[in-house]
Amino acid sequence: MGVFIADVRPRWSDMDVFGHVNHASTVTLLEEARVDLLFKEAVRQGAGGMTQGVVVARLVVDYHAPLVADGGTVRVALRVREMRPASFTLDYEVHSGPTADDPVAATAETLLVPYNTESGRPRRLTEQERDFLAAYRSNGA
């Protein structure tokens, strides 16, 4: 596979006084795309362990063009850049519209850590989670 595509819809309330989707709302759009991958798609493929807990340990967003809420969806492409025993990095490419031909408005990365909410501690990725994430590795591995 190599890439997961999520279509998310910015809301009118996401725009700031300059008519752009603001930073906090962009981060929420990234979260919505990540939930589609790690909770919905992972569960569908039998790797639903992260629904029990995963935390964002690091977030970086780079803006390349304004993102505007015009009633339509935007395309968010997600790839797994790196996997370690107890963490993984997701890369995001946010297009200003629903296709890969639409301009890239933002790129981002999150470092994610599987988390055991009962013990309050990070945990290692399970074999099923590693297999699921490997299908979305950016290097095709």
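These legends accompany views of a predicted protein model.

**View 1. The whole chain holds two helices and six strands.**
Read from the N terminus, the elements follow the order β-α-β-β-β-β-β-α. The radius of gyration is 15 Å, and the globule rule gives 14 Å for 141 residues, so the protein is as compact as a globular protein of that length. The C-alpha trace spans about 45 × 30 × 25 Å along its principal axes.

**View 2. Strand S1 pairs with strand S3.**
S1 covers residues 4-8, and S3 covers residues 74-84. The two strands run antiparallel. Five bridges join them. Look for Ala 6: Val 76 in S3 stands opposite.

**View 3. Strands S3 and S4 form a hairpin.**
Two residues lie between the strands. S4 takes in residues 87-95. Its pairing with S3 is antiparallel and uses eight bridges. One pair to find is Met 83 with its bridge partner in S4, Phe 88. In a regular strand, side chains alternate between the two faces of the sheet.

**View 4. Contacts and burial across the protein.**
Of the 141 residues, 37% count as buried. Now take the contacts with a separation of 6 or more: residues 24 or more positions apart account for 67% of them.

**View 5. The surface and charges of the protein.**
The accessible surface comes to about 7,400 Å². Carbon and sulfur atoms account for 51% of that area. The protein has 15 positive and 19 negative charges. The mean positions of these two sets are 7 Å apart.

Note on methods: Residues are numbered from 1 along each chain as its sequence is written. This is a predicted model: local features need pLDDT of at least 70, side-chain atom pairs count only at pLDDT 80 or more; totals for chains, interfaces and linings use all residues. Side-chain values use heavy atoms; hydrogens and water are left out. Two strands pair if DSSP finds at least two bridges between them. Helices (H or I, at least four residues) and strands (E, at least two) are DSSP runs, numbered from the N terminus. The radius of gyration is taken over C-alpha atoms; the globule rule is 2.2 Å times the number of residues to the power 0.38. Buried means under 20% relative accessible area, exposed over 50%, partly exposed in between (1.4 Å probe, protein chains only). Contact means heavy atoms within 4.5 Å. Accessible areas come from the Shrake-Rupley method with a 1.4 Å probe; for residues, only the protein chains shown count as cover. Lys and Arg count as positive and Asp and Glu as negative; His and the chain ends are not counted. The place of a charge is taken as NZ of Lys, CZ of Arg, CG of Asp or CD of Glu.
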